[in-house]
Amino acid sequence: MSTKLTTVEPDDTLAHAANLFRQYSFHHLPVTRRIYQTNGEGVRVALLTCEGLLYAQDIDLAVAVSEGDEQGRQPWQERRVVEVMHSAAIRVTPTTSVAAAAQLLVERGLNCLPVVEYKLVDGETRTILVGLLTRSDLLIALSRAMGAFEPGMQLDIALPHGDMTPLARTLQLAAELHVHIRSVLAAPQSDGTLSVATVRLGTINPTPLLLRLKQEGIQYTFGGPLLASH
């Protein structure tokens, strides 16, 4: 998640929000209010309450409505964020699993999720914004988990009829040859079956391992899609 956040407040103008969208090329902005709490050391610290989310499309809609208002009652630039923002009722906490957060983003068609903690401030439970989780964050996390940012190569192992034996043997051979494994991913297809396992090798010279795989009849490929045999 991102913890260095650029935010707006409910009473900010849409002109101010539009400038932030243009300046940072954001697609969404958390809407917050600043409150203060004295910590255990007697120091007064600022906290941000989670009030909602403002999307770039909200600005576009406000502009379109303003242009269609023949009476020109209020320029869109003078309208307030609170008038067009979304409540962001769907939130996660720092302890929410990545899988659960990803499921929320996909099933609800969301691009981001506020990450909040619930704190007691002046005798009242407040929803405090501590970060923002986006789809990009999840893609980066997946890439890192698969070792995509480290030197190495990707090896796809065929799993005929969902049989995990070729993957197990590949890992055993890699250990014998002292080939470092950065990650292993075996995701089921839409019908629930496993057909391919993706292994990220921590080497750019996998020849000894590939020769052993060929000798043992383990179907593999790298640098292109693997078409598993039926």
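Which residues are exposed on the other side of α6? In this predicted model, they are Lys-214 and Gln-215. To see what that side is opposite to, it helps to start with the sheet that α6 packs on.

The sheet is an open one, built from four strands in the order β6-β7-β5-β8, and the pairing is antiparallel. At its edges sit β6, covering 181-185, and β8, covering 220-221, each of which pairs on one side only. The helix α6, made of residues 207-215, packs on this sheet and touches β5, β7 (196-201) and β8. Its direction makes about 10° with that of β5.

Now for a look at how β5 and β8 meet. Strand β5 spans residues 153-158, and two bridges join β5 to β8 in the antiparallel sense. Here Ile-157 stands opposite Tyr-220, a residue of β8.

Back to the helix. Three leucines, Leu-209, Leu-210 and Leu-213, are the buried residues of α6. Looking down the axis of α6, these buried residues fall within an arc of 100°, so they line one face of the helix. What they pack against is a mix of sheet and helix: the strands β5, β7 and β8, along with α5 (165-176). Lys-214 and Gln-215, by contrast, are on the other side of α6 and exposed. After α6 comes Gly-217, with a positive phi near 70°.

Definitions and conventions: Residues are numbered from 1 along each chain as its sequence is written. This is a predicted model: local features need pLDDT of at least 70, side-chain atom pairs count only at pLDDT 80 or more; totals for chains, interfaces and linings use all residues. Side-chain values use heavy atoms; hydrogens and water are left out. Two strands pair if DSSP finds at least two bridges between them. Contact means heavy atoms within 4.5 Å. Axes are lines fitted to C-alpha atoms, for helices over the stretch in contact, and angles run from 0 to 180 degrees between N-to-C directions. Buried means under 20% relative accessible area, exposed over 50%, partly exposed in between (1.4 Å probe, protein chains only). The arc is that of the directions from the helix axis to the C-beta atoms.
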